[in-house]
Amino acid sequence: MLNRAYPNDWRHISHHVRFELAEGQCENCGVRHRSINPLTGSIVYLSTAHLDRDTANNAPSNLMSLCQYCHLSYDRRDNIHTRRRRAVLRTNPIPLFPSEELAMYP
Ligand SMILES: [Zn+2]
């Protein structure tokens with residue numbers, strides 16, 4: 001199970017990754033913070049990605065400075081999987097209580 005909580009010093013860690021280690025660039029496509037992304041035409045804001053999706057794992061090897069486009073692309077597979085899982089649960093909810101489970105199979 002992934003830990004979704006960020007550490008108290010996350011702002012400092014993220015700043016260190018984006019502006020000291022990556023020197024203000026996306027480590028995937030190379031665009032600079034606050035420049036215009038040539039792919040999207042929008043202003044670049046770097047964020048720090050957890051490569052294994054575990055926000056408790058803040059080892060430098062697990063963190064990467066990414067622009068919005070690359071971060072969304074990196075997370076896209078998880079986001080699509082999450083949307084599909086939620087759609088399935090909406091149409092076929094898992095019974096939370098035994099009585100509901102029994103009611104499903106009269
Ligand atoms: Zn990028």
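Strands β1, which spans residues 47-50, and β2 run antiparallel and are joined by four bridges in this predicted model. One of the pairings along them sets S47 opposite L66, its bridge partner in β2. These two strands belong to a protein whose secondary structure also includes three helices, and, read from the N terminus on, the elements follow the order α-β-β-α-α.

Strand β2 deserves a closer look, since both of its faces are covered. On one side L63 and S65 are buried, and on the other side M64 and L66 are buried as well. Burial of this kind can be set against the protein as a whole, where buried residues make up 13% of the 106 residues.

The largest nonpolar core consists of eleven residues, namely V17, C26, V31, V44, L46, A49, L63, M64, L66, C67 and C70. Strand β2, covering residues 63-66, gives the most to this core, with three residues. In soluble globular proteins, nonpolar side chains tend to be buried together.

V44, one of the members of that core, offers a way to follow the contacts from a single position. Leaving aside residues up to four places away in sequence, V44 touches V31, R32, H33, R34, S35, N37 and C67. Of these, V31 and C67 are also listed in the core.

Over the whole protein, among the contacts with a separation of 6 or more, 49% are between residues 24 or more positions apart.

Note on methods. Residues are numbered from 1 along each chain as its sequence is written. This is a predicted model: local features need pLDDT of at least 70, side-chain atom pairs count only at pLDDT 80 or more; totals for chains, interfaces and linings use all residues. A residue is buried if 20 or more other C-beta atoms lie within 10 Å of its own, exposed if 12 or fewer, and partly exposed in between; C-beta atoms are placed from the backbone. Two residues are in contact if their C-beta atoms, placed from the backbone, lie within 7 Å. A nonpolar core is a set of buried Ala, Val, Leu, Ile, Met, Phe, Trp, Tyr and Cys residues joined through C-beta atoms within 7 Å. Two strands pair if DSSP finds at least two bridges between them.
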